[in-house]
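The following note sets out points for a colleague to consider alongside the model. The ligand site comes before the backbone.

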Amino acid sequence: MAFPATRPRRLRQNDKFRRLVRETNIAVDDLVWPLFAVPGHGIREEISSLPGNYHLSIDCLVDESKRARDLGIPAILLFGVPDPCDKDERASKAYCPNGLVQKAVRALKAHVPGLLVITDVCLCEYTPHAHCGILEKGYLMNDASLDVLAKTAVSHAEAGCDMVAPAAMLDGQIQTLRHSLDLHGYSNLPIMAYSAKYASKLYDPFFKEGTQSALAHGDKKTHQMSFANSDEAMREIALDVEEGADIIMVKPGLFYLDVVYRAKQEFQMPLAVYNVSGEFAMIDAAARMGRLDKCAVVFEALSCFKRAGADIIISYFAPMAAECLERGWKSF
Ligand code: PBG
Ligand code: ZN
């Protein structure tokens with residue numbers, strides 16, 4: 001039926017109608033906040049490119065995590081930023097039982113009950129060249145790196161993490177981790193797979209300031225995907241699902257909403273999207289320059305992730321969004 005019988009504006013005439021017919025909502029339940037642990041004590045240094053996000057020694061990480069929990073954020077995604085002298089070619093500190101992440105997880109589980117601790121499982125923070133695994137003649141060795149990733153995931157599980165998030169984009173990493181976790185008695189520990197992870201320049205703030213793991217040479221194009229492709233993303237996700245992923249992920253987010261949409265349509269799996277550091281930096285910088293209304297644009301971005309099909313949004317904006325929601329922010 002056409003105009004004048006049909007007038008779509010009838011249901012937009014005030015916020016009550018708009019609320020009633022709204023198709024997606026942002027709740028604090030959807031948010032995961034990435035946090036960065038550093039060695040030391042009493043350290044809470046703002047990450048220059050990610051304002052509102054900090055390098056946190058474990059004591060301060062506990063306080064920040066309590067803040068997250070008290071805001072209602074269900075989960076944090078934990079990254080370790082180890083001392084440069086704790087990096088070696090074989091990434092041996094990644095799976096050290098007394099490593100930074102392992103200690104941080106134990107502290108969080110002891111002092112912040114009621115918050116899920118998800119650990120990022122990758123080796124780039126633990127190798128001097130910052131590649132995601134073991135190199136041979138500059139090439140990232142797949143199967144040799146899988147062994148180390150599996151040991152790392154098990155060490156996180158032993159420390160008590162609630163979920164592991166393998167990030168290296170190596171072939172067979174989900175199967176390898178699932179197998180090792182099961183073998184060590186962690187068959188109930190879920191895996192959130194960075195399934196469709198693109199080789200993106202939007203990770204620069206994360207590398208340069210976040211984890212201080214900028215590549216010494218080369219790039220990640222032999223394992224992360226080309227931004228030109230989306231069929232390939234579906235094949236990657238299909239493999240991860242088959243290998244036992246509990247949650248799949250698309251990363252980055254805002255330029256990749258078509259991939260998010262396809263992933264949800266084709267797999268009907270719990271789907272996470274990573275609103276990465278470069279996306280944060282763009283919005284934050286524009287807001288600082290007075291060009292954008294930060295809260296409004298953040299809620300627009302978060303809503304669009306959900307509209308595209310994401311169930312879970314990993315974002316450096318998580319605490320800000322949670323505070324806005326707590327204050328009764330309305331975006332309809
Ligand atoms: C890998 C990892 C990266 C990010 C999260 N986990 C870097 C990479 O995959 O190359 C990037 C996150 C961001 O930019 O916010 N450990
Ligand atoms: Zn990595």
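1. In this predicted model, the side chain of Tyr316 places an N or O atom 2.6 Å from an oxygen atom of ligand 1. The protein covers 100% of the 400 Å² of accessible area that ligand 1 has on its own.

2. Two further side chains make polar approaches to the ligand. An N or O atom in the side chain of Gln224 is 3.0 Å from an oxygen atom of ligand 1. At Asp120, a side-chain N or O atom lies 3.1 Å from a nitrogen atom of ligand 1. These distances may be read against the cut-off for a polar contact, a pair of N or O atoms within 3.5 Å.

3. Where does ligand 1 sit? Its place is in the largest cavity. Two elements, β9 (192-197) and α6 (204-210), are those that give two or more residues to the shell around ligand 1.

4. The composition of the site should be noted as well. There are 19 residues around ligand 1, and those that come nearest are Lys197, Phe207, Lys251, Ser277 and Tyr316. By class, the shell around ligand 1 divides into 12 nonpolar, 2 polar and 5 charged residues.

5. Aromatic pairs deserve a separate point. A search of the whole structure finds 12 of them. One pair, Tyr194 with Tyr274, is tilted, with 6.2 Å centre to centre and 40 degrees between the planes. Because Tyr194 lies in strand β9 and Tyr274 in strand β11 (residues 271-275), the pair ties together parts that are 80 residues apart in sequence.

6. The peptide bonds call for inspection at two prolines. Most peptide bonds are trans. The bond that joins Lys251 and Pro252 is cis, with omega about -5 degrees. Pro252 belongs to the loop between β10 (247-251) and α8 (257-267), while Lys251 is among the residues that come nearest to ligand 1. A cis peptide bond also joins Phe3 and Pro4, where omega is about 10 degrees. Pro4 is located in the segment before α1 (15-21).

7. One backbone angle should also be checked. Most residues other than glycine have a negative phi. Ala130, however, has a positive phi, near 70 degrees. Ala130 is in the loop that runs between β5 (116-121) and β6 (135-136).

Conventions. Residues are numbered from 1 along each chain as its sequence is written. Chains are lettered from A and ligands numbered from 1 in the order in which they are written. Side-chain values use heavy atoms; hydrogens and water are left out. A residue is near a molecule or strand if one of its heavy atoms lies within 4 Å of it. A polar contact is a pair of N or O atoms within 3.5 Å; within protein, one must be able to donate a hydrogen and the other to accept it, and residues adjacent in sequence count only if both atoms are side-chain atoms. Accessible areas come from the Shrake-Rupley method with a 1.4 Å probe; for residues, only the protein chains shown count as cover. On a 1 Å grid over the protein atoms alone, a cavity is a set of points where a 1.4 Å probe fits but cannot get out, and a pocket is an open set with protein on both sides within 12 Å along at least five of seven lines; lining residues have an atom within 4 Å of a point. A molecule sits in a cavity or pocket if more than half of its atoms lie within 2 Å of its grid points. Helices (H or I, at least four residues) and strands (E, at least two) are DSSP runs, numbered from the N terminus. Ala, Val, Leu, Ile, Met, Phe, Trp, Tyr, Cys and Pro count as nonpolar, Asp, Glu, Lys and Arg as charged, and the others, Gly among them, as polar. Rings of Phe, Tyr and Trp (its six-membered ring) pair if their centres lie within 6.5 Å; planes under 30 degrees apart count as stacked, over 60 as edge-to-face and the rest as tilted.
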